[in-house]
Amino acid sequence: MAVAALIGFATPAAAATSGCGSACDRKDPQTYYATVDGKTMRCSFIDVQTPYTATYVELRYSPFCRTAWARQTGSFGWLSGVLVQSYNTNGTLRMTVDDRNSSGTWSMMVNDKGLTARACFYQYDSEWDYEAGNRRILYCTARY
């Protein structure tokens with residue numbers, strides 16, 4: 001997080017005091033309007049940051065909503081995508097949310113207030129794997 005502070009990103013501690021919490025879990029950052037501290041706006045609007053990137057994926061973060069999501073920056077074709085993983089304070093995986101119910105270029109959001117998240121790029125090796133949900137995670141960002 002020291003790197004994020006040096007290049008101008010708000011740290012989670014400097015973000016909105018409440019965020020939208022678990023109400024934002026599995027919501028689309030492009031269309032969901034959250035009300036936080038008496039203000040209402042989209043989580044992907046105005047204050048969005050990219051604290052970390054990896055091959056074909058970036059971790060997006062909204063200090064207003066205190067949420068994170070993955071955005072795809074490259075592709076292996078329709079058999080690839082992105083997901084965001086949310087971690088509890090003790091390091092255990094809280095949830096994984098992928099891009100299957102969104103536009104296909106970003107994942108749905110996860111609550112990031114007091115938690116950490118990372119974004120990952122994945123691919124399916126075949127159409128059968130796609131139908132069975134057997135994805136192979138290839139690249140992930142650091143946690144933020």
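**Figure 1. Tyr56 is a partly exposed residue, with a relative accessible area of 27%.** Please keep in mind that the whole model shown here is predicted. Tyr139 is partly exposed as well, at a relative accessibility of 31%. Partly exposed covers values from 20% to 50%, so the 27% of Tyr56 falls in this class. The ring partnership of these tyrosines returns at the end of Figure 2.

**Figure 2. Two edge-to-face tyrosine pairs are shown here, from a structure that holds seven aromatic pairs.** Start with Tyr52 and Tyr144: their ring centres lie 6.2 Å apart and their planes make an angle of 70 degrees, so the pair is edge-to-face. Why does this contact tie together separate parts of the chain? Tyr52 belongs to strand 3 (residues 49–54), while Tyr144 sits in the segment after strand 10 (136–140), so the pair bridges parts that are 92 residues apart in sequence. Are these two rings buried or exposed to some degree? Tyr52 is partly exposed, with 21% relative accessibility, whereas Tyr144 is buried, with a relative accessible area of 2%. The second pair brings back Tyr56 and Tyr139, which are also edge-to-face, with 6.1 Å from centre to centre and 65 degrees between the planes. Here too, distant parts of the chain are linked: Tyr56 comes from the loop between strand 3 and strand 4 (57–62), and Tyr139 from strand 10, 83 residues apart.

**Figure 3. Three tyrosines form a cluster, and two arginines sit over tyrosine rings.** Which residues make up the cluster? Ring pairs connect Tyr52, Tyr61 and Tyr144. You have already met Tyr52 and Tyr144 as an edge-to-face pair. Elsewhere, look for a charge over a ring: the charged end of Arg135 sits over the ring of Tyr122, 5.0 Å from the ring centre. Arg143 has a similar arrangement with Tyr87, where the charged end is over the ring and 3.4 Å from its centre.

**Figure 4. The disulfide of Cys20 and Cys24 is one of three in the structure.** The sulfur atoms of Cys20 and Cys24 are 1.7 Å apart. Is this link left-handed or right-handed? The angle about its S-S bond is -115 degrees, and the link is left-handed. As for their surroundings, Cys20 is buried at 15% relative accessible area, and Cys24 is buried at 0%. If you count the bonded cysteines along the chain, the disulfides follow the pattern 1-2, 3-4, 5-6.

**Figure 5. A buried disulfide joins Cys43 to Cys65.** The distance from sulfur to sulfur is 2.1 Å. The link is left-handed, with -85 degrees about the S-S bond. Cys43 lies in the loop between strand 2 (39–42) and strand 3, and Cys65 in the loop between strand 4 and strand 5 (67–72), so this pair ties together parts that are 22 residues apart in sequence. Cys43 has 0% relative accessibility, and Cys65 has a relative accessible area of 0%.

**Figure 6. Cys120 and Cys140 are joined by a right-handed disulfide.** The sulfur atoms are 2.1 Å apart. The torsion about the S-S bond is about 110 degrees, so the disulfide is right-handed. Distant parts of the chain meet through this bond: Cys120 is in strand 9 (residues 116–123) and Cys140 is in strand 10, 20 residues apart. Cys120 counts as buried, at 0% relative accessibility, but Cys140 counts as partly exposed, at 27%.

**Figure 7. Strand 5 pairs with strand 4 and with strand 8.** Why is strand 5 described as largely enclosed by the rest of the structure? Five of its six residues are buried, so the surrounding structure encloses most of this strand. Strand 4 pairs with strand 5 in the antiparallel sense, over six bridges. As an example of how they line up, Leu59 has Ala70 in strand 5 as its bridge partner. Strand 4 and strand 5 also make a hairpin, with four residues between them. In the turn, find Arg66, which has a positive phi of about 60 degrees. Strand 5 also runs antiparallel to strand 8 (residues 110–111), joined to it by two bridges. There, Thr67 has Asn111 in strand 8 as its bridge partner. A handy idea when you look at strands: side chains in a regular strand alternate between the two faces of the sheet.

Conventions: Residues numbered from 1 in each chain as written. Predicted model: local features only at pLDDT ≥ 70, side-chain atom pairs only at ≥ 80, totals over all residues. Heavy atoms only, no water. Phe/Tyr/Trp six-rings, centres within 6.5 Å; stacked < 30°, edge-to-face > 60°. Buried < 20%, exposed > 50% of the residue type's maximum accessible area, 1.4 Å probe, protein only. Lys NZ or Arg CZ within 6 Å of the ring centre and 35° of its normal. Disulfide = S-S within 2.5 Å. Pairing = 2+ DSSP bridges.
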